[in-house]
Amino acid sequence: MKPTILKNLLLISSLFFVVQTALAQDIDLQNYIVTQFGMEEGLPQSSVNDIIQTKDGYIWLATFGGLVRFDGNTFTTYDRSNTSCLVSDRLLKIFPDKDGGIWLFPGFADTIVSRFKNGVCTTYKIGAGVSNVVDMIEDERGTIWLTAFSKVYRFDGNEFLEVPI
């Protein structure tokens, strides 16, 4: 590359950086409020494994002390003492579906997944030998798909069916 071309590229790059920096908004950190929440504020346990926000605005937390709903002011805990379908209070992952339900993935229960909606909890068994649910997605038709190591399952509304791959 010729030295003049290289000089021009360097100059243009430098000018671009200066203009971008000048146009960037200043962040005034004093305009932000940071609030920490812990067990003193109502969390049942200090370990939060997953966080989602549902369409109704609630923040849901998967903790080692159960499922927790936060409305912006208070925490409501759903655990084995008040939610009969939970096989463990140790929740590792949660997933919201388009119908307003929340799918719960408990620790120590590799073949169980639960769905929580409007205070009602239903448990579903996944195929034998499944360990560690990796992910869950919902397609545009509302079909729930679940993946576990080397297996794919589809929820038909009543049960999870293994899909040959």
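A residue counts as buried when its relative accessible area is under 20%. Keep that cut-off in mind for this predicted model.

**Aromatic pairs**

The structure holds 13 aromatic pairs. One of them joins Tyr58 and Trp60. The ring centres of Tyr58 and Trp60 lie 6.5 Å apart, and their planes meet at 75 degrees, so this pair is edge-to-face. How buried or exposed are the two partners? Trp60 has 7% relative accessibility, so Trp60 is buried. Tyr58 has 26% relative accessibility and therefore counts as partly exposed.

Trp103 and Phe160 make another aromatic pair, and that pair is edge-to-face as well. Their centres are 5.6 Å apart, with 75 degrees between the planes. Where do these two residues sit in the chain? Trp103 belongs to strand β6 (residues 102–106), while Phe160 belongs to strand β12 (residues 160–163). They are 57 residues apart, and their pair links distant parts of the chain. Both Trp103 and Phe160 are buried.

**A cluster**

Tyr58 and Trp60 also belong to a wider group. Together with Tyr78 and Phe116, they form one aromatic cluster.

**Charges over rings**

Which arginines lie over the face of an aromatic ring? Arg69 and Arg90 are examples. The table gives each one with its ring.

| Arginine | Ring | Distance from the ring centre |
|---|---|---|
| Arg69 | Tyr58 | 4.4 Å |
| Arg90 | Phe64 | 3.9 Å |

Tyr58 thus appears in several places. Tyr58 pairs with Trp60, is part of the aromatic cluster, and has Arg69 over its face.

Note on methods
Residues numbered from 1 in each chain as written. Predicted model: local features only at pLDDT ≥ 70, side-chain atom pairs only at ≥ 80, totals over all residues. Heavy atoms only, no water. Phe/Tyr/Trp six-rings, centres within 6.5 Å; stacked < 30°, edge-to-face > 60°. Buried < 20%, exposed > 50% of the residue type's maximum accessible area, 1.4 Å probe, protein only. Helix = DSSP H or I, 4+ residues; strand = E, 2+ residues; numbered from the N terminus. Lys NZ or Arg CZ within 6 Å of the ring centre and 35° of its normal.
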